[in-house]
Amino acid sequence: MATSRTDPLTLEVIELIGSVVARYYEEYEQAAAAHSLTGAQARVLGLLSVEPLPMRRIAQKLKCEPSNVTGIVDRLEARGLVERRPDPADRRVKLAAPTERGAATAAQLRDALDFAREPLAGLSAADRTVLRDLLRRMLGSA
């Protein structure tokens, strides 16, 4: 039987997801502000700390326009947190990559995000795996 979009359980789950997202963004903004960064700048720095990326990929991951990403990267570059370098696979493409200071700042930002880490630590590895798999299914990336 199909689940109605307005059944009480679905509505509660939607409300809970909204609360989690709101708390995550609130904490992320506070952590970013402690480093005089905007939330968007902190998110870009966090992405780049995983791997250097071209502007187009950053925009896809953040679901925004590449021109917005260019401005964010420009400001991070001016602060010495990010640098542009040629892509070794295609020298016509520029990658944004964190500087040593940028990588350290990204690590400090990650360490400051207790909201998600603390409740998740209370779940067993099996529960965290189920949660991850359900979220992936919801996002269509299972």
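Let's start with strands β1 and β3. Two bridges join β1 to β3, residues 90-98, and the two run antiparallel. One partnership to note: Leu53 has Ala96 in β3 as its bridge partner. Keep in mind that this is a predicted model.

Now widen the view to the sheet. It is open and has three strands. The order is β1-β3-β2, and the pairing is antiparallel. Which strands sit at the edges? β1, residues 53-54, and β2, residues 82-87. Each of those pairs on one side only.

Next, what lies across the sheet? Helix α2 does. It lies across β1, β2 and β3. Its direction makes an angle of about 115° with β3.

On to the core. The largest nonpolar core has 22 residues. Ile58 and Val73 have the most contacts inside it. Five elements give two or more residues to this core. They are α1 at 8-33, α2 at 39-50, α3 at 55-62, α4 at 66-78 and α5 at 100-112.

Let's zoom in on Ile58. Which residues does Ile58 touch, leaving out those up to four places away in sequence? The list is Val44, Leu47, Leu48, Leu53, Val69, Val73 and Ala96. Two of those names have come up already: Leu53 and Ala96 are the bridge partners. So is Val73, the other residue named with Ile58 for the most contacts inside the core.

Now the whole chain. There are seven helices and three strands. Along the sequence, the pattern reads α-α-β-α-α-β-β-α-α-α. The C-alpha trace spans about 55 × 30 × 25 Å along its principal axes.

Some totals. The protein has 142 residues, and 26% of them are buried. It exposes about 9700 Å², and carbon and sulfur atoms supply 57% of that. Take contacts between residues at least 6 apart in sequence: 46% of these join residues at least 24 apart.

Last, confidence. The average pLDDT is 90, and 94% of the residues score at least 70. Where is confidence highest, and where is it lowest? Strand β2 is highest, at 96. Helix α6, residues 114-121, is lowest, at a mean of 74. As a general caution, predicted coordinates should not be read in detail where pLDDT is low.

To recap: a three-stranded open sheet, α2 lying across it, and a largest nonpolar core of 22 residues.

How values were computed:
Residues are numbered from 1 along each chain as its sequence is written. This is a predicted model: local features need pLDDT of at least 70, side-chain atom pairs count only at pLDDT 80 or more; totals for chains, interfaces and linings use all residues. Side-chain values use heavy atoms; hydrogens and water are left out. A nonpolar core is a set of buried Ala, Val, Leu, Ile, Met, Phe, Trp, Tyr and Cys residues joined through side-chain atoms within 4.5 Å. Buried means under 20% relative accessible area, exposed over 50%, partly exposed in between (1.4 Å probe, protein chains only). Helices (H or I, at least four residues) and strands (E, at least two) are DSSP runs, numbered from the N terminus. Contact means heavy atoms within 4.5 Å. Two strands pair if DSSP finds at least two bridges between them. Axes are lines fitted to C-alpha atoms, for helices over the stretch in contact, and angles run from 0 to 180 degrees between N-to-C directions. pLDDT is the predictor's confidence in each residue, from 0 to 100. Accessible areas come from the Shrake-Rupley method with a 1.4 Å probe; for residues, only the protein chains shown count as cover.
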